[in-house]
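Take a look at the chain below. We will start inside and work through a few chosen spots.

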Amino acid sequence: MKQCKKNNIHLLTFYTEGGDNDLGLNLIDVKNTFEKKTKKHFSSVKILSPRKLIKNDTKWLTIFEDQVEWTKEQIKLTGINFPWNKNWAALNFLLWKPILIRDTLLNDDLVKTGDIIFYHDINIKTYPEYLHGINKWKDFIHYNMKNKSILLFNDNNMTINKDTKKELINKYLDNKEDPNKLHHIWAGALAIRKDETGISFINEWHNICIDKCNRSPVTSYPNEPGFIWHSQEQACLSILYHSNFIKFKDKIKCCFLY
């Protein structure tokens, strides 16, 4: 029996160069290793940096706006010493991630209707496990995305109240769910199919993240039981998953990648 042709899977990732190029770590060697390990396993591999993105479109200057001093000022204004990550703040609380995935899904000529974009974080220096099973990723994604448009991942058994500030939980979940019983979503990897549902999902993540109040670590409740810190775009992804699960439930799957 003739098998149906599988849609292409395009790997997308992002790295920083540090130095005079951006406010991130120098991950150039990491980028080169990751590219070498992955390029033969996907229909295309796109690896972008702030410098490359800004060169192509100056809109990225705003997207990468440094928020370190703004965050320090918020601590002074509120008088609350909430936990925060300086590296995340320097890259505008990772607003680049949903925008990069959305732009690639909508505007990359290589990505045809029905194709899948698989985004994965790149820092194999800090997380060497990212190199495990790369040769199996494509088949894993095809298998788990049969009749699905969105594939999300867990990375532990953490609940969303650990890395999502109370303000965001109250705003979107409206006390309908107990955050102690809702698992968080890992934003280090996700797969989105280029179809109506996949585009709708990525647009909604983008719309939540574009509001700096949703991404920023500023919170009036830093001492909530179990709270570690606000994980910006990842927290927004968890909120989107749980607040819109009914809408996407037939087309979304969440599992462990590792």
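Which residues in the largest nonpolar core touch the most other members? Keep in mind that this is a predicted model. The core holds 42 residues, and the ones with the most partners inside it are Trp60, Trp96, Leu100, Leu152, Phe201 and Trp205. One helix gives the largest share: helix 12, residues 232–243, supplies 6 residues. A second core, of 24 residues, lies apart from this one. Leu11, Ile122, Ile141 and Ala191 are among its members. There is a general pattern here. In soluble globular proteins, nonpolar side chains tend to be buried together.

Now pick out Phe201. Leave aside its neighbours within four places in sequence. Phe201 is then in contact with Ile150, Leu152 and Ile192. Its contacts also include Leu237, Leu240, Phe248 and Ile252.

Phe201 also takes part in a meeting of two helices. Two packed helices are described by the angle between their axes and the distance between the axes. Helix 10, residues 196–209, packs against helix 12 at an angle of about 130 degrees. Their axes are 9 Å apart. Angles of 35 to 65 or 115 to 145 degrees count as oblique, so helix 10 is oblique to helix 12. The crossing of the two is right-handed. Which residues meet there? Helix 10 brings Phe201, Glu204, Trp205, Ile208 and Cys209. Helix 12 brings Glu233, Cys236, Leu237 and Leu240.

Stay with helix 12 and find Gln232. Is Gln232 buried or exposed? Its relative accessible area is 3%. Buried means under 20%, so Gln232 is buried. Not counting residues up to four places away in sequence, Gln232 touches Trp88, Phe93, Leu94 and Arg215.

Move on to a loop. Thr16 lies between strand 1 (9–14) and helix 1 (28–38). Thr16 is buried too, because its relative accessible area is 6%. What does Thr16 touch, once residues up to four places away in sequence are not counted? The list includes Asp22, Gly24, Leu25, Asn26, Leu27 and Ile28. Pro50 and Leu91 are on it as well. With Leu25 there is a further detail: the side chain of Thr16 reaches the backbone oxygen of Leu25 at 2.6 Å.

Last, compare two kinds of separation. Thr16 and Asp103 are 87 residues apart in sequence. In space they are 19 Å apart, C-alpha to C-alpha.

Definitions and conventions
Residues are numbered from 1 along each chain as its sequence is written. This is a predicted model: local features need pLDDT of at least 70, side-chain atom pairs count only at pLDDT 80 or more; totals for chains, interfaces and linings use all residues. Side-chain values use heavy atoms; hydrogens and water are left out. A nonpolar core is a set of buried Ala, Val, Leu, Ile, Met, Phe, Trp, Tyr and Cys residues joined through side-chain atoms within 4.5 Å. Buried means under 20% relative accessible area, exposed over 50%, partly exposed in between (1.4 Å probe, protein chains only). Helices (H or I, at least four residues) and strands (E, at least two) are DSSP runs, numbered from the N terminus. Contact means heavy atoms within 4.5 Å. A polar contact is a pair of N or O atoms within 3.5 Å; within protein, one must be able to donate a hydrogen and the other to accept it, and residues adjacent in sequence count only if both atoms are side-chain atoms. Axes are lines fitted to C-alpha atoms, for helices over the stretch in contact, and angles run from 0 to 180 degrees between N-to-C directions. A crossing is left-handed if the near helix is turned anticlockwise from the far one by less than a right angle, and right-handed if clockwise.
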